[in-house]
Amino acid sequence: MQRTCVFIFGVLIALAVGTSIHAQPLVTGDLSVYYSFDELTEDGLWLDGSGNELHGLTVLGEFDDDLDDGLDDISFDSGDKVRGAGSAWFNTEPDFKDDYIAVCDPLYNPDHNEGCGEPLEDRPDYVPSTAFSFAAWVKVEETGTDQAIWQSRAGGGGFLHTQVQGNGNVRMQLRGDLNSDNIAGFNEPVNDGNPVEFGEWMHIAGTYDKGPVAEDFGVFALYYNGELVIEAEANGDVAGTEFERLGDWAQGGFVGLVPDLARQFVGRMDEFYLFTRAITAEEVQTLYGLEDPFTPGDYNQNGVLDAADLNLQAAEIGGNNAAFDLNSDGSVDFDDRLAWVKDLKNTWVGDSNLDGEFNSGDFVQVFTAGLFESGAAATWSKVTGTVTESSIRVTSFPLSPMAALK
């Protein structure tokens, strides 16, 4: 028994290393894209934490290393951020206008799909139809040029567009398929009549909701650093006509540039959100305040990280619920189990009683539960299974990882 225990301990140490937690979305519900910008993969992907796997593909144009400073034009920056592990640094030159982050869209943009997976079948669920919201923290360098935060362009030419103007205004534009089909537009100062604060972190969010009645114009709103700047009926020349879709992304969905390769973003960006609904003023405040609505991993919100949270997490294994996807890789799996145990609870897999140690007390709890090798259903603290030196196999996720070695 002693030899087996030592072996278990060694295996469990190996399982407990190498996990990382990315910032989780502060607001969910009809979330289309969420980039925490906490990691840039070797394939140049910024992982999407919405669960839709619409990862952001870093695209560097013809003029790589625009500033000739030995750094990638778009890179991960762990030193300058507002939340999580880091931000996206657009170390770019505005005159070149060819570096951006493309939303991986396998169905319509195969050129922007390297490493993004198979085409998604639930396209209408993640592309804004008659309502949308965007939000992002940006630190924009003063260049005298207009700088795009987000633009999606439909096959017919309609788009959703947001940018910081060279004069310090903020622009939000919603346009139909014809270039003259203006639905809603705003291009004015947002900082109490003054230009935005270039070189400082600021939060920008915008919403639009067409509403259920075809004849209604719909309502748009813009927020700056959590404060409402404008909320009004759509003011374009075609506002009020019925739109089936605000944009299908057929010509791309870009962060930091527009699909016709203009308005290069220069600076840093963090916590980028896109929704298929109009989020509320309270939700904008949550995104601006950067305060988690609950402690990460405390899924039942009882103020304690306990076995009940692990059991709730177990029910989500195999899915893509963003609230349980601790490493923001688009799926809830054993890596998220390890992240909860190691990074959130700061303990070991096999710590059945969650007292911060893996010792004989955990074995006592396992055996006194009376479920050992019984085949009966088990939870984190009431586990089953055996470990031998000749056989290691991961089994049912609801179990403590100690019992998952069989």
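What follows is a quick look at the overall make-up of the chain and then at two of its helices, H4 and H5.

The model is a predicted one. Its protein chain holds 6 helices and 16 strands. Of the 406 residues, 52% are buried. As for the surface, the chain exposes about 17100 Å², and carbon and sulfur atoms supply 47% of that area. Sequence separation is worth a glance too: taking contacts between residues at least 6 apart in sequence, 61% join residues at least 24 apart.

Now to helix H4, which spans residues 307–316. Its buried residues are Ala307, Asp309, Leu310, Gln313 and Ala314. Looking down the axis of H4, these fall within an arc of 150 degrees, so they line one face of the helix. The general geometry helps in reading that spacing: an α-helix has 3.6 residues a turn, so residues three or four places apart point the same way. The cover over the buried residues of H4 includes helix H5, residues 334–344. Just past the end of H4 comes Gly318, with a positive phi of about 95 degrees.

That leaves H5 itself. Buried here are Phe334, Asp336, Arg337, Leu338, Ala339, Trp340 and Val341, a list that takes in the charged pair Asp336 and Arg337 alongside Trp340. At the N-terminal end, H5 is capped by Asp333, which places a side-chain oxygen 3.1 Å from the backbone nitrogen of Asp335. After H5 comes Asn346, and its phi is positive as well, near 60 degrees.

Definitions and conventions:
Residues numbered from 1 in each chain as written. Predicted model: local features only at pLDDT ≥ 70, side-chain atom pairs only at ≥ 80, totals over all residues. Heavy atoms only, no water. Buried < 20%, exposed > 50% of the residue type's maximum accessible area, 1.4 Å probe, protein only. Helix = DSSP H or I, 4+ residues; strand = E, 2+ residues; numbered from the N terminus. Arc of directions from axis to C-beta. Contact = heavy atoms within 4.5 Å. Polar contact = N/O pair within 3.5 Å; in protein donor to acceptor, adjacent residues only side chain to side chain. Areas by Shrake-Rupley, 256 points an atom, 1.4 Å probe, with all protein chains shown as cover.
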